[in-house]
Every structure is written in structure tokens, then in C-alpha cells.
Amino acid sequence: MRIVFFGSSTFGIPSLRGIYKARHHLIGVVTAQDKPQGRNRKINPTPVKLCAEELKLKIWQPENLNSTDFLKQMKDLKVDIFVVVAFRKLPPELFTIPEHGAYNLHASYLPEYRGAAPIQRALMAGETQTGLSLFKLKESIDTGDIAAQIRIPIAETDNYESLSRKLSQQGAKLILENLEKIDSGNLKLYPQKGKPSLAPKIKKEDKIINWEQTPQQICAHIKALSPYPCAQTQYKGRKYKIAQAQIYNPTHPQTPTQPGTWHTEGKKRLYVEGIHGYVEILCLQEEGRKMMNTLNFLQGKQGNI
């Protein structure tokens with residue numbers, strides 16, 4: 001089949017490479033425009049664009065997916081299918097162009113966690129499993145008929161980075177398996193079943209740690225945002241990013257004061273009060289400094305925290 005791939009983030013790269021190596025004809029890639037990032041606001045291409053350049057593929061970076069010029073270019077390609085992985089919403093004028101339509105890979109077991117941040121929201125909720133769904137696009141976001149779904153366990157050690165990697169690799173396999181079914185005419189679609197839940201985009205306020213939660217909830221929150229954009233907190237007027245933590249039961253616990261209070265055991269351990277327990281901080285970044293493990297952080301401190 002003649003295929004155009006739509007994607008921007010690292011999550012889509014295994015799928016892009018898989019399609020490129022398959023027997024299908026990958027015409028090119030549609031990705032987001034280059035944009036400034038970081039403190040220096042350096043203009044950077046998307047990870048998918050870098051991968052497409054490496055594979056010497058045609059690249060489109062439209063500002064407006066509804067533009068007459070871009071829609072005409074897509075129609076002129078005479079493609080059989082669009083494959084969409086971690087991209088923005090496609091308008092009907094675009095996703096109805098291919099003969100077989102457009103298929104989107106979503107990082108949840110739909111209709112669970114519809115929205116922009118299914119991996120982070122599943123981790124924040126303390127889920128023990130998530131999933132992958134390949135579905136045919138329709139106008140309402142993440143509501144299309146299902147082509148294939150699989151359940152994926154969430155390991156105790158998983159954070160956003162490790163779970164994303166796991167899902168992206170399994171997702172590439174799911175896409176390739178079902179491209180063969182679409183090509184042969186053997187794919188059967190079925191409507192989504194179950195109660196929908198939402199996974200809205202991570203906003204600035206979602207990064208702030210709420211210490212008035214249980215240690216389990218706090219650790220889940222930190223995992224969901226690690227290593228990027230990272231959970232955040234303030235203590236004694238200083239801002240911190242917390243990249244790794246675990247539930248902790250001190251040998252000689254301090255007298256409980258209030259959630260969010262920091263305690264140390266010498267220059268070796270740093271733990272924070274939650275509700276009904278403590279969270280040990282294992283890796284953190286103080287504003288103006290680099291990320292480091294707690295041992296190095298405490299040894300560099302003069303006096304009490």
C-alpha cells in the first residue's frame with residue numbers, strides 16, 4: 001500500500017521505522033513545524049522529522065492542515081492509507097482522502113483514557129495495566145471504530161519514559177500486523193465498548209506535587225512525569241524537580257508535623273511527609289543546579305535542609 005505517516009514525537013519512531021522496512025510504499029511523513037525549545041530557544045525539528053531525514057523520506061510540515069494547497073498535495077499522492085501516531089487532530093477533509101481512511105495508534109485501551117496524555121494519566125491513577133488501540137479516525141477525537149487492541153501490564157518500576165518506550169515498540173508491531181489485514185481486505189472493525197475516561201493534556205498545575213496525598217499517590221504522580229516534564233515542589237522558598245522517589249518507612253520516624261515537611265537521616269536519606277506515611281526522594285534538581293541523586297545533593301548542603 002501507498003502510505004503517508006503522520007507523527008511528531010519520539011513515540012512514533014518505532015512505527016515509522018517499521019513501516020519503512022516493510023513491503024509497503026512509504027511515500028513520506030507529515031510532522032509538526034520546527035519550533036524553539038529550551039532556555040536558549042533554539043529552533044529544533046521534531047524527532048520524527050530527524051528520523052525521516054535519516055531515511056531520506058519526503059517531509060511535509062504544514063502550518064494549517066486544512067489549507068487548500070496541503071489538501072491538494074495529499075490528494076495528488078493517491079495514497080491508500082494514513083497512519084497517525086502521536087500527532088494532532090486531523091480534520092475530516094484530510095483523513096477521508098485515502099482509499100482506506102486514516103488509522104491512529106493510541107496509547108490506552110480505548111475508550112479508557114481518551115485524550116492527549118493517556119500514559120501519564122494512567123500512571124498518575126496508579127493503574128497496573130494499560131493498553132494500545134489502533135482505530136479508524138472519525139471526527140470526534142479517539143472515538144473511532146477499533147481495528148485491534150492489546151493489554152499491556154505496567155511494571156512497578158515503570159515511569160513515563162520506560163512505559164512510553166514499551167508501548168511505542170509494541171505499537172509498531174500492532175500497526176504492521178493490521179496493515180497486512182487492511183491490504184488483504186481481512187480487517188474487521190468494531191465499536192468501542194465500555195465506559196469512557198479522559199486523559200487531558202498535562203498542564204502547569206498538574207506538575208505540582210500534592211503532599212496531602214498518600215505516599216502511593218505521590219510516588220505515582222512522580223513516576224508519571226519522569227523524566228519529563230518532571231514533578232515539581234517548593235520547600236523553604238526554593239523550587240525543586242523530583243525525578244525519582246519511593247515509599248519509605250523510617251527506622252526512627254520523626255514526630256509527624258504536616259504534609260510536605262522534609263526530613264533527613266544524616267547525609268544519606270531525604271524523605272517527605274505525605275498523608276499516613278513518607279516518601280523518600282531519590283533523585284532531584286534544585287533550581288539553578290543540575291539533576292542529582294539525593295546522596296550527592298545532601299553532601300553538597302551546608303547545615304540543615
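Here are some short exercises with worked solutions on this predicted model.

**Exercise 1. Get your bearings: how many helices and strands are in the chain, and what does its C-alpha trace span?**

Step 1. Start with the secondary structure: the chain has 8 helices and 15 strands.

Step 2. Then take the extent: along the principal axes, the C-alpha trace spans about 70 × 45 × 30 Å.

Step 3. Now turn to burial: 48% of the 305 residues count as buried.

Step 4. Finish with the contacts between residues at least 6 apart in sequence: 62% of these join residues at least 24 apart.

**Exercise 2. Find the salt-bridge partner of Glu180 and work out which parts of the chain the pair ties together.**

Step 1. Recall the general idea: side chains of opposite charge can pair when their charged atoms come close.

Step 2. Apply the cut-off, a side-chain nitrogen of Lys or Arg within 4 Å of a carboxyl oxygen of Asp or Glu. Glu180 pairs with Arg23, and their closest N and O atoms are 3.0 Å apart.

Step 3. Place both residues. Glu180 belongs to helix α6 (residues 160-184), while Arg23 sits in the loop between α1 (13-21) and β2 (25-30), so this salt bridge ties together parts 157 residues apart in sequence.

Step 4. Check accessibility. Glu180 is partly exposed at 32% relative accessible area, and Arg23 is exposed at 58%.

**Exercise 3. Do the same for Glu156: which residue is its salt-bridge partner?**

Step 1. The partner is Lys223, with the closest N and O atoms 3.7 Å apart.

Step 2. Glu156 lies in the loop between β9 (146-153) and α6, and Lys223 in helix α7 (residues 215-224), so the pair ties together parts that are 67 residues apart in sequence.

Step 3. For accessibility, Glu156 is exposed at 66%, whereas Lys223 is partly exposed at 23%.

**Exercise 4. Is Glu280, the salt-bridge partner of Arg269, buried or exposed?**

Step 1. Confirm the pair: the closest N and O atoms of Arg269 and Glu280 are 2.8 Å apart.

Step 2. Locate the partners: Arg269 is in strand β13 (residues 269-273) and Glu280 in strand β14 (residues 278-286), 11 residues apart.

Step 3. Compare with the cut-off. Glu280 has a relative accessible area of 4%, and buried means under 20%, so Glu280 is buried. Arg269, at 31%, is partly exposed.

Step 4. Widen the view. The count comes to 15 salt bridges, and those that share partners join Arg238, Glu286, Glu287, Arg289 and Lys301 into one network.

**Exercise 5. Describe how α1 and α2 pack against each other.**

Step 1. Take the geometry: helix α2 covers residues 47-54, and its axis is 10 Å from that of α1, at an angle of about 25°.

Step 2. Classify the angle. Angles under 35 degrees count as roughly parallel, so α1 and α2 are roughly parallel to each other. Their crossing is right-handed.

Step 3. List the contact. From α1, Ile13, Leu16 and Arg17 meet Pro47, Val48, Cys51, Ala52 and Glu54 of α2.

Step 4. Sort these residues by type: 6 are nonpolar, none is polar and 2 are charged.

**Exercise 6. Where is Leu295, and which residues does it touch?**

Step 1. Leu295 is in helix α8 (residues 294-299) and is partly exposed at 38% relative accessibility.

Step 2. Leaving out residues up to four places away in sequence, Leu295 touches Lys267 and Lys268.

Step 3. Leu295 and Gly266 are 29 residues apart in sequence, with their C-alpha atoms 10.0 Å apart in space.

Methods
Residues are numbered from 1 along each chain as its sequence is written. This is a predicted model: local features need pLDDT of at least 70, side-chain atom pairs count only at pLDDT 80 or more; totals for chains, interfaces and linings use all residues. Side-chain values use heavy atoms; hydrogens and water are left out. Helices (H or I, at least four residues) and strands (E, at least two) are DSSP runs, numbered from the N terminus. Buried means under 20% relative accessible area, exposed over 50%, partly exposed in between (1.4 Å probe, protein chains only). Axes are lines fitted to C-alpha atoms, for helices over the stretch in contact, and angles run from 0 to 180 degrees between N-to-C directions. Angles under 35 degrees count as roughly parallel, over 145 as roughly antiparallel, 65 to 115 as roughly perpendicular and the rest as oblique. A crossing is left-handed if the near helix is turned anticlockwise from the far one by less than a right angle, and right-handed if clockwise. Contact means heavy atoms within 4.5 Å. Ala, Val, Leu, Ile, Met, Phe, Trp, Tyr, Cys and Pro count as nonpolar, Asp, Glu, Lys and Arg as charged, and the others, Gly among them, as polar.
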